[in-house]
Amino acid sequence: MKMGNYSAVTEFLLVGLSQYPELQHFLFVLCLIMYKIILLGNSLLIIITILDPRLHTPMYFFLGNLSFLDICYTSSFIPPMLVMFMSERISISFLGCALQMVISLGLGSTECVLLAVMAYDRYVAICNPLRYPIIMNKVLYMHLAAWSWAIGYMNSLVQTAMAMVLPFCGNNVIDHLTCEILALLKLVCSDISMNVLIMTVASIIILVVPLLLIFVSYIFILSSILRIDSAEGRKKDFSTCSAHLTVVILFYGLALFMYTKPKSNNTKVSDEIIGLSYGVITPMLNPIIYSLRNKEVKEALKKVLKRHLHLTKI
């Protein structure tokens, strides 16, 4: 293969559901509504964690990070996808594809690590309540959040850089709705064994290790809760971590279903819709889950809404 063919690709064509225009119109309306809910719900959660002094704790600091992450993650692919659904433009530049991949993969990786950090926070709060303010001090929780973002983006930058330097030999049609790394690697016409190795190692570090840490943390948490004598005390402690546990089950449960589901040409459309749902449903439900299952968030939300209604009357 001549070297000139290796640099022929300057843009990619995203043809995920381009053969189903009626479905695209339906998904446009649905994704637009869900994106607005994501922006409203997560923005509101960030605002109340900033405005309410009672929520100036490590748990809500991490929750604010999670909400900001969800806004950025969905904003990296939903607006371009909406444009693609309603126009003939299905192309994305080479750099645009790389940027989308860096952002989405980085934020997805960060969320895995951040969920483990949030589980550790709940472990310290429930298993060592007297030492919690000392252990989970401002320096530590700021560093934990910063390292979550750093680890996520280090993984993303390495994997994206390794993928984008490979020769595509003029093949630029991505059979996907977004620039997803697995779909992109199918276009490569050289050996990708090193990429697969790095992705496998990264998956163990970014996915499996945090999940194991979450699992171990909740074993200790449940053990500590069951040792509490009063039913009211058990209920109070469990309510502080039930929202996080629900989010973890939703995040990893959908991921497990998506990646273990058998794939074939006959299920291509459903696979695309399931993949899209995974990227949208979790960020949309996170603020709802934390609002419904957390008394402090509900009270802060009522306070903010009451203040807003008072100002509008004035």
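## Exercises: α4, a cavity and a helix neighbour

The largest share of the lining of the largest cavity, three residues, comes from α4. Keep in mind that this is a predicted model.

**Exercise 1.** Work out which residues line the largest cavity, and which elements give two or more of them.

*Solution.*
- Start with the count: there is one cavity of 30 Å³ or more.
- Next, the volume: the largest cavity holds about 40 Å³ of space.
- Now list the lining: Met59, Phe62, Met118, Asp121, Arg122, His244 and Tyr290.
- Map these onto elements: α3 (58-85) and α4 (94-127) each give two or more residues to the lining.
- Finally, sort by class: four residues are nonpolar, one is polar and two are charged.

**Exercise 2.** Describe how α4 packs with α8: are the two helices roughly parallel or roughly antiparallel?

*Solution.*
- Pick your descriptors: a packed helix pair is described by the angle and the distance between the two axes.
- Get the values: the axes of α4 and α8 (residues 193-226) come within 9 Å and cross at roughly 20°.
- Apply the cut-off: angles under 35 degrees count as roughly parallel, so α4 and α8 are roughly parallel to each other.
- Add the hand: the crossing of α4 and α8 is left-handed.

**Exercise 3.** Find which residues α4 and α8 use to meet, and give the class make-up of the contact.

*Solution.*
- On the α4 side, the residues include Ser109, Cys112, Leu115, Ala119, Arg122 and Tyr123.
- On the α8 side, look for Ile206, Pro210, Ile214, Tyr218 and Phe220, among others.
- Tally the classes: the contact has 17 nonpolar, three polar and one charged residues.
- One last catch: Arg122 turns up in this contact and also in the cavity lining.

Note on methods: Residues are numbered from 1 along each chain as its sequence is written. This is a predicted model: local features need pLDDT of at least 70, side-chain atom pairs count only at pLDDT 80 or more; totals for chains, interfaces and linings use all residues. Side-chain values use heavy atoms; hydrogens and water are left out. On a 1 Å grid over the protein atoms alone, a cavity is a set of points where a 1.4 Å probe fits but cannot get out, and a pocket is an open set with protein on both sides within 12 Å along at least five of seven lines; lining residues have an atom within 4 Å of a point. Grid points are joined across faces, edges and corners, and a volume is the space filled by probe spheres set on the points. Helices (H or I, at least four residues) and strands (E, at least two) are DSSP runs, numbered from the N terminus. Ala, Val, Leu, Ile, Met, Phe, Trp, Tyr, Cys and Pro count as nonpolar, Asp, Glu, Lys and Arg as charged, and the others, Gly among them, as polar. Axes are lines fitted to C-alpha atoms, for helices over the stretch in contact, and angles run from 0 to 180 degrees between N-to-C directions. Angles under 35 degrees count as roughly parallel, over 145 as roughly antiparallel, 65 to 115 as roughly perpendicular and the rest as oblique. A crossing is left-handed if the near helix is turned anticlockwise from the far one by less than a right angle, and right-handed if clockwise. Contact means heavy atoms within 4.5 Å.
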